[in-house]
Every structure is written in C-alpha cells, then in structure tokens.
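I have a chain open on the screen this morning and a fresh notebook page beside it. Here is what I looked up, entry by entry.

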Amino acid sequence: MITATKMASAARGKAGQAHHVNRGARPKARGAVTTSARASGAMRQHNQPKPKQKIFTAHRAAVQGRTSARDERVVTRVAAPESPAFAALGADGQKRTDLKKIAILGAGPIVIGQACEFDYSGTQACKALKSEGYEIVLVNSNPATIMTDPGTADRTYVGPMTPDSVREILEKERPDALLPTMGGQTALNLAKALAERGDLEELGIELIGAKLDAINVAEDRLLFKEAMDRIGLNTPPSGTAENMEEAYAIQREIGNFPIIIRPAFTLGGTGGGIAYNMEEFNQIVQAGLTASMTSQVLIEKSLIGWKEYELEVMRDLKDNVVIICSIENIDPMGVHTGDSVTVAPAQTLTDKEYQRLRDASVAIIREVGVECGGSNVQFGVNPADGEVMVIEMNPRVSRSSALASKATGFPIAKMAAKLAIGYTLDCIPNDITEKTPASFEPSIDYVVTKIPRFAFEKFPGSSPVLTTQMKSVGEAMAIGRTFQESFQKALRSLEVGLDGWSSPKGADFPTNEELRYNLRTPNPDRLVAVWYAMDAGFTTEEIISLTKMDPWFVSQLRCLKDVGDFVKSQGSLGDLTAGDWRQIKSRGFSDSQIGRLTGLQELEVRRIRKAAGCTPVMKRVDTCAAEFEADTPYMYSTYDGEDECAPNTKGKVLILGGGPNRIGQGIEFDYCCCHAAFSLSAEGYETIMMNSNPETVSTDYDTSDRLYFEPLTIEDVVDVLEAERPEGIIVQFGGQTPLKLAKPLQKYLEENPIPAASGKGNVRIWGTSPDSIDAAEDREQFEALLKRLGIDQPPGGIARSEEEAVAAAAGLGYPVMVRPSYVLGGRAMEVVYNEQKLKKYINTAVAVDPDQPVLVDKYLQGATELDVDALADVNGNVVIGGIMEHIEEAGIHSGDSACALPTQSISFEALTTIREWTPALAKSLGVVGLINIQYAVHDGKPYIIEANPRASRTVPFVSKAIGHPLAKYASLLMAGKTLEELGFTQEPILDHVAVKEAVLPFDKFPGTDTILGPEMRSTGEVMGIDASYPNAYAKAQIAAGMNLPTGGCAYMSMTDATKGEAVSVAKALNQLGFRIVATKGTSEYLRERGVDVDPVLKLHEGRPHGIDMMQNDEIQLMIITPSGDEVDQKDGLVLRRKALAYKIPLVTTLSAAKALTESIRAMQSQKLKMDALQDFF
C-alpha cells in the first residue's frame, strides 16, 4: 500500500491550483439556440469515481471532474424525434429539389496549414450529397486522397486549380451550384475569384454553403473588424494596410512592439508573423502583402500571453445555431492554433466566461452572414481581467472542424453539406445515436488532447520557434477520461521517442539557462522543457511566469511529475495494489514509461499489472455523455468505469493506421488503410481501424465497422487485440508506424496466442510476413538474396564506425550515397563528394554504432530512377501495377521528384529486365499484397536500389493513373483471394500519361535552401493527366503552384558539369521566343555554341545582378544547377530564396528543365484541356 510518507513530494503545487478547483461538472446536452422556443430535456450527470490512495489525494481536486468544459446552462432546444420519425419530416427543412448537379472544390495538395483534414471534409461532403441523389463534380489536384477516387464523385477532375481551369470545368459540366466550404482556403479563394470575375453569374451557378458577402466579411480583415464593431465585440487595436506606407502609419499608431501581422485570404497564417523590431516588421509585412490574394494585411497590437480559445459553430437556414465544441490552447496567444497543444472541451473557463464566448460566437456567425454550414471562431481572453477579444473567423470547415468532429463524434462536414442543400439541424439525425437530431449540441464525458508534430530537422537553417505562421506537418489526438490521461496518450501517439510525458530517450539534460529560454520561447519541445524544469527544481510559479500557461494546466503537469517520481521510487511494482495501478494508469502512464522509471521491460510491467487485476476498459464516443446509446462503435481505452466494447464473434480484421502525418508518411498511407476497410467490409469482415490521426478519412466514424482512436504502440494494439480478437492484422498499409510494430507483435502473439473471436484459429498478421519485411530492410540479408537471384545493385557496403565508412567510400570512389540503415522519408540521407564531408556527416548527422550501421553506396551520377508498384498473391503470382520514371535524376528523393507513368525515356531492354526482376524478388520475399521496388538505370543498365514489401507513397497516384484500385486489391489478396479472382492478371497498358509532382514547404522555413536532395521534404503532391506527356507535365506544374510562363526572360546559371546538357535547353528556349540571360561562365559557353544570350552579374560581382532583375519583374523563369561550393551556399541560397519569394519558377535540375521546355512548347501551340478521370477509362 502507499503510505503517507511516500506522498510528501506529491503535495507540492496544491496551493497554486486552489483557485481552479471545484469548477468541474460534465456538460448537459443542449439544443440549438433558435428563433423559437423549444422543449428541453434533462441529461444524466456522470460522476467520476473518487481516488482512494493517499498519494493521489493531493491532486484529486485538480483532476476530479475536469473532464469537460464548464458549459452547462439552461437553453431552449429541439426535442428529439423518435428514430424512424426522421423519414417522415414535414416540408420545412427539406433538401432543395431545384439543384441537380453540384460542384465541390477540394483543397489541392497537402501543405502546412491545409492538410488531409480537407480530404476528410470533402469526402464526407461528396458522400452526403451523393446519397441525396445529386450528381457531384469534384475539382481537386491531389491524387493521394480518397476524395479523388473515381467512385467518390460522378465527375472527378484531378489537375490545376486556377480560376481559368476551374472556369473551363464549370463551363463543361454546367453544375447548378458550387460548394466552396470543404476545401480550405484554396476553395474559398477560388470561389471568390470566380464570383468576382462574373464567371458564376454568367454560367448560372449558385454559391451554396457560404455566399460571397460572407466570405469577404470573414476573410477581409477590415470588413471583419467593422462587422465586430457593429455587434459591440472587441478586436485587438489594429489597422489594415495594402502597401508599406499604410503599414508604417499603423505601426506608429499602435506603438510598442511586438506587433502581429496577419495577411488576408491566406491559410495557416502564411506570410504572417510576430515582429519584435522594425527590420522584422518590414520583412513580415512585405511577405504578407505578397502572400495575400488581395494584397492586404492586418497589423494589430500583440495579445501575446492571453489565453486562446476556439468555438466550432453551425447555423442553418432557419437561423438555428449550435456550438459543437469548445477548444482551448495550452499555449498562450502568439502561437498558431495549429501549432499549439489544444484540449477539448475547454478546461479553464468558468460558466460565465464560456457563456460570453458562446453568445459572441452566435452573434458573429449571424453578423458575418454564414447562412448555413460550419464556422470556426477564435477568441483571446486576458487572464488578468477576463477581457475578451475576437481574433478571427473561418466561414468554412477548418482544421479545427476535423478535430472537433473526431472529438465529439459530430460529423461537421457532413452536416454542413446537408445544410447547404436546405436541410435544417432539427431535421438531420445524429449518426452516432440515431435517436437525437443534429440540433442537440454534443456533450462529452471525456477529454481530448491534440498535439502537433513538427519537422524542423528537415529544414536546416530555419529556427524552431513557433509564431502565428503555422509550421507543424501533422498532429496526433488522444481521448481519456481526464486531461492527464489524454495528454500522455497523445504524447506517445506522436511517435517522436516519447512514451509519455518525460524526457526523450537518451536525451541530454539541458542547463537551467537553456530551460528558461525553452520555457519562455514557444517551440515544439516546450512541454518537455516543463518536465525538465520540474525535475530541476523549478517551482510551479516560476514555470507559470515563464510560459504564461494557465496555472491549472501547470498544476496538472506537476501532478503527473509527482506520480512519475512516486513510481520511480517503488522498490517493487509487485507491492502495488490494483487500486494503485488504476490510479497510475488512469493518468495515462504507459507500461513502457513505467518500465523506464523502474528499470523493467515493458512486457514485464504488463505481466505484473495484469496479475494485479488492472486492465483497460473500452469506452464509446456517443456525442451525448451516455444519455443515449451509441449506435456507432467509436472507441477509446481508459481505466475508469465499465467496459462498453461489446465484442462479437464475427470474422474481423484489425487495420493499423499511420499515426500523425509527417514528411515521408502522410495521406497516401491513410488512403490505403481506408481502402482496406472498404473492401474487406464488402467481403463480409468486420473491419476495425486503429489510428491516432484526427485529420484523416480513416478515423471517420463510418469508414470502418469499429474505430479505436488510440496510440499505435505495442501496449495499445495488444489491448485492442485482446478486446476484439480479430482473425487478422494488417500492418502493410500504414507506413513505417505499423511496420515497426510487426516484429514485436509477431513475437508477442507467438508467446501469448490469442484465439480469434470467430473460432478460426489464432490472431495473426496477414499478408507478407514480418520476417520477409525485415529481410528487405536488413542490408546484409537483402544483399544475400539479390546475389542468389542474380539481381544487380550499386556497389556498396555497411559501416559500423567512422573508419569502416571511410574505407568503404575509398573502395567505391566518390561520390557516395550515405544513409542510416532504417530510414523514413530519406531521413539523414546525403550524397557525399569527399572524405572530409563524409567524416562531417558521420560526426553530425547520424549516430553510428554496431546496432545502427550506416549504408555507403556508390552514387550513380546521372542515373534515372524508377518506382515499381506490384501486387502478389498467396500462390506466388505477381502483376506490375505501374512503372514510374522520375523526372529528376537519381540522388533526389523519390518523394520530392516528379514522375511520369508510363516511362518516357527508358529502353525496352532495361524495362524487360525490370519486369523479370520484380516478380522474382516478390516471390522470394513471400510477398502477399503490395511491394514497391526502386531501380536506377545508369548507362542503360538497371540496378535495384531498395525494395519495400508494403504500401508505398505512390499507390494512390498509380491507382488513379491506371484505373485500378491497388490498395483494394492488396487487401483482398491478404484475405486469401488470388489475382485471377480479382481479374488483375497483367500490367495495364496506357494510352495516356500521368505526371505526379511534389509540393514543397520552403516558404514556411526562412533560411532553408530550396535545393532538392536525397532527404525528402515535400508535404504533398499533385497530378496532371493528359494524352501527351508535355501537357500532363504542364498540368502538374501549374497544379503545384508554378506560374508557368509561355514567354519572357529565362535566367540560367550552370555548373561546369551541366553546361553541355544546358545548350539544348537554351536553344529550345530561344526557339520559343525567350530572351536568355546567364552568368558569365554560362553565357560565354552558350554563346560559343550558338545561343542568343546576354550576360548578367553574379551577386558578388556587382550590380545590376539577378535579384535586381527579379525585383524589376524582368525574369519569368530561372534554371540554376547548384554547385554546392561556398559561393553557391551563400549567393546561390539568396538567389533561390528570392525566386521563391517572388514566385518565379525555379528549376535546379536539367532533366526538369527539359520537361518544362517541352511543356511550354505544348502550351504555346494549344490550350490545355481539362478532362475528368472517368474519361480515361
């Protein structure tokens, strides 16, 4: 038992949290705020069990009851219709019958600030409107989405999203209405442009979901401020500027720095930031004016240190308004909400404070004029006196809408789509309960925590400081009965080496000076710095003062630290009672975390815990705090209360998702997981999805039969396996996340067999065995296999020390490619040209030891890389889905290179060899399902680079290019079907060309060079498809945001090694009417070979130079091949960054330059034609 002496350290911080206790009670369900009186109904109150052990008593007040916002109040609401009664609704609130065809604008490629949450919302909208009988036309350039699958909409246009291209599509399809609220800022800006140009009026197309006036009021900073003034709501002292002179005048009026700059009509705070001095002010304002489609920025007084909240609001055409969810940022204002740790529902508001925000949100959505649909309203609250300021509003579904939907189970995007066609909230059933209408506001008896994931390590030169411009690349969400539980679960869901709230494994302890900086300065590791600070003896008050975080949150973290210290102090975990275990586990401590604290292995901790009788229960998300039974099994694990899993004996399969988005592992893998759920459900299996990503379609409540919103760790996966007992587990589709679990899962299941609930054997991993996956990842095993098969690979070796690496490189000859043996997204891959750089790489980029060897391979300079996606069945049959040719040469990560399907320049002989090697390797590895193999063709000879017996990033693109759903086929193959049964027995032959292009986030990371290399940096991709390669390539470039010129001036600067190849490019540009300017050496070389070229000075040679020409709008295209020398690293970096800032197309490889030149030639001769995917098959 835990004694009084053991609780001494836990008592610290109790006094500091006293003013925050006793506010907690679970919220009651409320109906809509309406224009007419509604009947009300009582909701059951859920009382959390009181902890019994003394060590936890000190923190009981801070935890008990904090599972929901302080938002219960008596309001009018709609009475709940009986379940079948929704089928007999009156005429009022019905869908519009005058609309037959509706166009939906998607969000385009995944970028920072606009990610796969819009695939989720767009997919929901397509499904909802299609089910109502409307014909759906979808425009979206992103091939990696479920939304752009040909079956999601009736007509699917995957290509450029410009006003001209969309106008052409609308003219061709003639929809009755356009829905712009499902595609983020991209869709809103497009709709605004089309409306203001008169295109929509001319074509007789109605904007639904948000009218132009509402879009303008919400997005235009000046109009929004005026609207808030009219309804008596405060906004920060500010002004709008459309040029630098106006900006300076506003700055002088505001006075003191820091000052916030927010561009209008941008996403994720693009172009904005916090200026602490005039130099930063100049830079950020200029960037903001450039980023804004209306060249407008809001310049406002800083509210840094205020608390920030968001409310998700919905309104219908009857003026019913509901608040779906409140969200609170743990970080104070000054950090973009997408980069902040957020909690739902809000935890630190009093009833009165919450009601003020609620009333303000209702007033705002009405004043802005959002007639129907969802909106997101952001507030700042002064912690000193409670003063409220309105920050901004999004008149559309947003990033937070996806989070709120997953947090509450209320499908905001689906409801918004139905409202847009005339339904009202009181006439739409709640899908989760099927007993209550959508006008019942969600009420939840748990806490949700969202934590963002960053990738600063991919962008050297950029500062890992968080501001109002979003920089995170993904996020994880977790559900728990208390903040502490959901917070720790969310941390281990991030997959960044944390198994809970503690120091990262193997990290050095920071100094106190470093800690103070990291506490004071918003950065990705600030919450970990809080742990270090507490461990170093910082008081709760010091931490609150430095971070400006709410005292309640800091007190919660103090409680976690004390409980962790208590666990660490235990001589034996066997002395803990079941009650002790429940108290520890209910605070989110993982078995791995407990093992690290006590020096035990994770599975030993699990054994001791289970022997003490402490196992998790599975709870359901029901939107109504358990007043009504949930019809949809949307689950999470906890250690509080009764188990609500209700498993059955059906044949089941568990699909492990990909966790939070990151560079190298994104929406493409979620796409594959969704197809597994769809196809296996259709085959009669009960599909169980397990994932922690709130942005995705895979975590939609109706994608699978059962959903577990849980971290993807051994502990959590085994808990679900023991609860559900599926026949199979699919680990192939979620990227590296489930693959890392494959071997330990297999080992656990061999040692602890779990009988399948259906009675058909034991739970097992489906598809390619973990041993085969490991054989492809393990360099020595893989080399031995290739030798047996007679398959060539570039010469290389394995180094377990610096000496071995130097010796291997010397034997191969420079340049060499070096990389860790197990990588994701090319992490820490580099082309090294000499011994000095190799030693620097070994000493700074990676940790090299016998357990973490480095691979050293001969770099095949000038080679062309290929990607091959293939399928294999249980009988050993193998069919190639597609062979893609990379546009950029070998050495640039496949995820960052454009690629074409089918290949354009590879010889018949090389392709024949590749078609022989691919099935041979797949059979030898025992692949069942998908395999991706990368080849390099050098001097006409193919070499294998690597093989991944799993789903790859290219699967969605290939599927859309060839008209076959490869992920669906792979799922059925894993379930035992054969390729013959699926009717897929030979490689498709195409009479069109599809091109995939990467989208890179360099504009978010100032100081980072834009050169492509072996480490992946792209966040998303686009696709162009056409009968000809030049046209497909042009479509892909335009879709990626390139302002493809058909004339003007081209700037060229070539290295000596590339000057020869550059001659044909320069001559082609001359023929196309381009003026060419080039740096001295390049211009002399080109002129001697008959190119009409003018010289231009390099930056260090004097003026006028290239940047002067850019600023004078004299350059329309730049072709620069980087040398990597000191001058290039300085002047070249500046030149490339300026090209990015001025949105001038920049090409850094000659292969891409050649493709671009041919595309320009095609565009000069004919207009690009937009075709739907369905027209190609």
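The entries below go from the whole chain to single sheets, helices and side chains.

**Entry 1: the chain as a whole**

I began by noting that this is a predicted model, so I checked confidence before anything else. The mean pLDDT of the protein chain is 87, and 90% of its residues reach 70 or more. Residues 1-91 are the stretch I marked in pencil: pLDDT stays under 50 there, and the model has 227 contacts beyond four places in sequence for them.

I then listed the secondary structure, which comes to 38 helices and 39 strands. Of the 1177 residues, 65% count as buried. I also looked at contacts between residues at least 6 apart in sequence, and 73% of these join residues at least 24 apart.

**Entry 2: the mixed sheet**

Next I traced an open sheet of 7 strands, in the order E17-E18-E21-E20-E19-E22-E23, and its pairing is mixed. Which strands stand at the edges? They are E17 (617-620) and E23 (764-765); each has a single partner strand, so one side of each has no neighbour in the sheet.

I spent some time on E21 (residues 706-709). Arg706 and Tyr708 point one way from this strand, Leu707 and Phe709 point the other way, and all are buried. That fits the usual rule that side chains in a regular strand alternate between the two faces of the sheet.

I followed E21 to its partners as well. With E18 (residues 634-638) it pairs in the parallel sense over 2 bridges, and Tyr634 has Leu707 as its bridge partner. With E20 (residues 686-691) the pairing is again in the parallel sense, over 4 bridges, and here Met690 is matched with Tyr708.

Further along, E19 (residues 652-656) and E22 (residues 728-730) run parallel and are joined by 3 bridges. Leu654 has Ile729 as its bridge partner in E22.

**Entry 3: Ser637**

I stayed with E18, since Ser637 sits in that strand. Is Ser637 buried or exposed? Its relative accessibility is 5%, so it counts as buried, the cut-off being under 20%.

I listed what Ser637 touches, leaving aside neighbours within four places in sequence: Ile479, Glu485, Lys489, Pro616, Val617, Met618 and Glu710. With Glu710 there is a side-chain polar contact of 2.4 Å. Lys489 is 148 residues away along the chain, yet its C-alpha atom and that of Ser637 are separated by 10.0 Å.

**Entry 4: the parallel sheet**

I moved on to an open sheet of 5 strands, ordered E37-E36-E35-E38-E39, with parallel pairing. E37 (1094-1095) and E39 (1146-1147) stand at its edges with a single partner strand each, so one side of each is left without a neighbour in the sheet.

I noted that helix H37 (residues 1126-1141) packs on this sheet and touches E35, E38 (1117-1120) and E39. The direction of H37 makes about 150° with that of E38.

Within the sheet, E35 (residues 1049-1053) and E36 (residues 1075-1078) run parallel, joined by 4 bridges. Met1052 has Ala1078 as its bridge partner in E36.

**Entry 5: three helices**

H18 (residues 551-568) gave me a quick check on length. At 1.5 Å a residue, its 18 residues should span 26 Å, and its end C-alpha atoms are 25 Å apart, which agrees. H18 is mostly covered, with 16 of its 18 residues buried. At its N-terminal end I found a cap from Asp550, where a side-chain oxygen lies 2.8 Å from the backbone nitrogen of Trp552.

Gln583 lies in H19 (residues 578-585). With a relative accessible area of 11%, Gln583 is buried. The side chain of Gln583 makes a polar contact of 2.7 Å with that of Arg587.

I closed the page with H30 (residues 955-962), where 8 of its 8 residues are buried. Among them are Pro956, Phe957, Ser959 and Lys960. What follows H30? The residue is Gly963, and its phi is positive, near 80°.

Note on methods:
Residues are numbered from 1 along each chain as its sequence is written. Side-chain values use heavy atoms; hydrogens and water are left out. Buried means under 20% relative accessible area, exposed over 50%, partly exposed in between (1.4 Å probe, protein chains only). A polar contact is a pair of N or O atoms within 3.5 Å; within protein, one must be able to donate a hydrogen and the other to accept it, and residues adjacent in sequence count only if both atoms are side-chain atoms. Two strands pair if DSSP finds at least two bridges between them. Contact means heavy atoms within 4.5 Å. Axes are lines fitted to C-alpha atoms, for helices over the stretch in contact, and angles run from 0 to 180 degrees between N-to-C directions. The expected span of a helix is 1.5 Å times one less than its number of residues. pLDDT is the predictor's confidence in each residue, from 0 to 100.
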